[in-house]
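This report looks at one residue and at the strand that follows it. Please have the sequence and the structure at hand while reading.

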Amino acid sequence: MSVDRAKARGTERGLVVLPTGTGKTTVFSEIARRHLDAEGSGVLVLAHRDELLTQAAERLELMVPGERVGIEGGPRSCAGGERIVVAGVQSIGRPHSVRLAWFRPDLLIIDEAHHAAAESYQNVMRRFGAYSGDCFTLGVTATDHRLDNKPLSGTDQSIFQECLYRLTLREAIGDGWLCPLRGYRVTGAADLSGVKSTAGDYNVGQLAKAVNTPAQTKAALDQWGELAEDRRTVVFCVDVEHAKDVADAFRERGVSAEAVDGSMKRADRDGAMARFRNGATQVLTNCELITEGVDVPEIACVLLLRPTKSWSLFTQMVGRGLRLAPGKADCLVIDVVDATDTHRLDDRPGVAGLVGLPPKLSLKGRTVSE
C-alpha cells in the first residue's frame, strides 16, 4: 500500500487525504494494526478534541483485537505499558510536558492533520521524533491545506514531505462512498468589503458584526424555507451569539432548532446533539463545533452562514452532510455569499470548487455530477 511504499523509500512524514465520511478513522486503525503486526514498537494517535479521542480509541480496539488502547487527555491517563495510545494535543503538546514520558512510539498518526501547524502539534512531533527519523508520522485529513490555506505537503516549508494517497470528493461521490452533493450559491444581505483578514481568514469579530444582522438572517432563512424546509439541517455560524440568534430566528418560524457551542456544559451539549440525532430537533446551529468528529448521517442540508476564505474550513463544513443514510437521496448545500461577492477577485471557496469546477460557479440546485 501507499504508506508501506513510502516507508520503504525513506519518507519520514506523509499525508493521506480522504473526504469527510469516507472512513479516515477506519483507515488509520488498519494502518496501526499492520504496523504492530510488522513488529512496530508503538502507535501514538494525536487528536484535538475529547470526542475524537473516544472515537479513535473505540475503533482501534475494534480493529486491533487483543491490544489495550490507552487514552491520555484531560483527566484520563494511560495505565502504562500500552502499545497504542490516543492522546489529546492539549495534554501532551505543552512545552516540557511529562505525560507519556514512558512511551516510545515509532508511528505517530495525526488526526485532522490540517491543524498540524499549531505549536502544540509541533511540540509533539519534535518530542516523539517526527523530524529526526525516529517515528514515522502520518497525517490524515479531509483537506491538504492548513487553516491559513498554505499547503500541508509538497514544498520545502510543508510539514509533510508528500501526499501518499488522495481520494477526491468527486471520486468519493462517483464511487458511491458519499451521497450526491446538490448546491445553491445564494446572495445574502451582508457586505464584507470592510472586513479585514486575520491569519488568512476573516477577522471573526468584524465578520460577526457584518453577518449577524436581521436582514442577513431573514434572507438566509427565506432561502432555506424555499429549498430545504423538510430537511435535517446543520447551520454554520460565525460566533456563539450568531448561533443563538439564528436558532431563535428558526424557532420564531415554528421550526425546532437548537444552538450548540464549545462553551456549553458537556451534558447540555450532548443532550442537544442527541435530540438532533433522533429528529426531535430539525435544525442545529453551531459555532466551530460540528466541523470535525461529528457523525450524523441524517444531515440532508448544510446552511453556510459563516463566510470563510479557508478551503480547509469550507471543506470540513460541507463534509458534515455527505455521509450516506437510509432514505437519503442527496445533501443540499446552501452557500450564502455577501452582496458584494460577484465583484471580488479573490479565490474564495465555493461548493463547485470542491470538485475542481470554478469556485464561484453556482450549481443552481444541480448535483456536482450534473
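## A side chain and its surroundings

In this model, the backbone oxygen of Glu-229 and a polar atom of the Gln-282 side chain are 2.7 Å apart. Gln-282 itself belongs to the loop that runs between helix H10 (266-277) and strand E13 (283-287), where helices (H or I, at least four residues) and strands (E, at least two) are DSSP runs numbered from the N terminus.

Gln-282 counts as buried because its relative accessibility is 18%, buried meaning under 20% relative accessible area with a 1.4 Å probe and protein chains only. Leaving aside residues up to four places away in sequence, Gln-282 touches several residues, among them Trp-224, Asp-230, Val-255 and Phe-276, with contact meaning heavy atoms within 4.5 Å.

## Strand E13 and its partners

Five of the five residues of E13 are buried, with Val-283, Thr-285 and Cys-287 on one side and Leu-284 and Asn-286 on the other. In a regular strand the side chains alternate between the two faces of the sheet.

E13 pairs in the parallel sense with strand E11 (residues 233-236) over four bridges, and Phe-236 stands opposite Asn-286 there; two strands pair if DSSP finds at least two bridges between them. With strand E12 (residues 257-261), E13 also pairs in the parallel sense, over five bridges, and Glu-258 is found opposite Leu-284.

## Basis of the description

The model is predicted, with local features needing pLDDT of at least 70 and side-chain atom pairs counting only at pLDDT 80 or more, while totals for chains, interfaces and linings use all residues. Residues are numbered from 1 along each chain as its sequence is written, and side-chain values use heavy atoms, with hydrogens and water left out.

Methods. Buried < 20%, exposed > 50% of the residue type's maximum accessible area, 1.4 Å probe, protein only. Polar contact = N/O pair within 3.5 Å; in protein donor to acceptor, adjacent residues only side chain to side chain.
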